[in-house]
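Hello,

I am handing over the structure we spoke about. Please look through it before reading the notes underneath.

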Amino acid sequence: MSIEGRGDRTERVYRELRDAVLDGRLRRGERLPATRELAASLGVSRSTVSTAYERLTAEGYLVARVGSGTYVAMPASTPSRATR
């Protein structure tokens, strides 16, 4: 994943993850990296990744399971691309 460019990093992480769900790069039931792990690999703060995960969870793209991790909640074809 690449979040290069200008602007809000949280928004860029959010868009990259959402797009990966929508186009099938992340599949239903696939476990996402822990927030600390993804933050370290992207060179951003953990809160940046946590905020993106929380937003995606609230929108129904991800599901968080306490003690287990965060997973893709829906197939790529379910959400409307118009919500972008």
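The notes below go from the overall layout to the core, then to one helix pair and one residue.

Please keep in mind that this is a predicted model.

Overall layout. The protein has three helices and two strands. Read from the N terminus, the order of its elements is α-α-α-β-β. There are 84 residues in the protein, and buried residues account for 37% of them. Taking contacts between residues at least 6 apart in sequence, 53% join residues at least 24 apart.

The core. In soluble globular proteins, nonpolar side chains tend to be buried together. Here the largest nonpolar core holds 19 residues, and L17, Y53 and L62 have the most contacts inside it. Three elements give two or more residues to this core: α1 (9-22), α2 (35-42) and α3 (46-58). The largest share is that of α1, with six residues.

One of the residues with the most contacts in the core, L62, can be followed further. Leaving aside residues up to four places away in sequence, L62 touches L32, Y53, L56, T57, T70, Y71, V72 and A73. Y53, which is on that list, is itself among the residues with the most contacts inside the core.

The α1 and α3 pair. Two packed helices are described by the angle between their axes and the distance between the axes. For α1 and α3, the axes come within 8 Å and cross at roughly 50 degrees. An angle of 35 to 65 degrees falls in the oblique range, and α1 and α3 are therefore oblique to each other. The crossing of α1 past α3 is right-handed. On the α1 side, the residues in contact are R9, T10, E11, V13, Y14, L17 and R18, and they meet T48, T51, A52, Y53, R55 and L56 in α3. By type, the residues of this contact are six nonpolar, three polar and four charged. L17 and Y53 both take part in this contact, and both are among the residues with the most contacts inside the largest nonpolar core.

One residue, R46. Where is R46 found? R46 lies in helix α3. Is R46 buried or partly exposed? R46 has a relative accessible area of 42%, so it is partly exposed. Apart from residues up to four places away in sequence, R46 touches T35, R36 and A39. R46 and R36 are 10 residues apart along the chain, and their C-alpha atoms are separated by 5.4 Å.

Regards

Methods: Residues are numbered from 1 along each chain as its sequence is written. This is a predicted model: local features need pLDDT of at least 70, side-chain atom pairs count only at pLDDT 80 or more; totals for chains, interfaces and linings use all residues. Side-chain values use heavy atoms; hydrogens and water are left out. A nonpolar core is a set of buried Ala, Val, Leu, Ile, Met, Phe, Trp, Tyr and Cys residues joined through side-chain atoms within 4.5 Å. Buried means under 20% relative accessible area, exposed over 50%, partly exposed in between (1.4 Å probe, protein chains only). Helices (H or I, at least four residues) and strands (E, at least two) are DSSP runs, numbered from the N terminus. Contact means heavy atoms within 4.5 Å. Axes are lines fitted to C-alpha atoms, for helices over the stretch in contact, and angles run from 0 to 180 degrees between N-to-C directions. Angles under 35 degrees count as roughly parallel, over 145 as roughly antiparallel, 65 to 115 as roughly perpendicular and the rest as oblique. A crossing is left-handed if the near helix is turned anticlockwise from the far one by less than a right angle, and right-handed if clockwise. Ala, Val, Leu, Ile, Met, Phe, Trp, Tyr, Cys and Pro count as nonpolar, Asp, Glu, Lys and Arg as charged, and the others, Gly among them, as polar.
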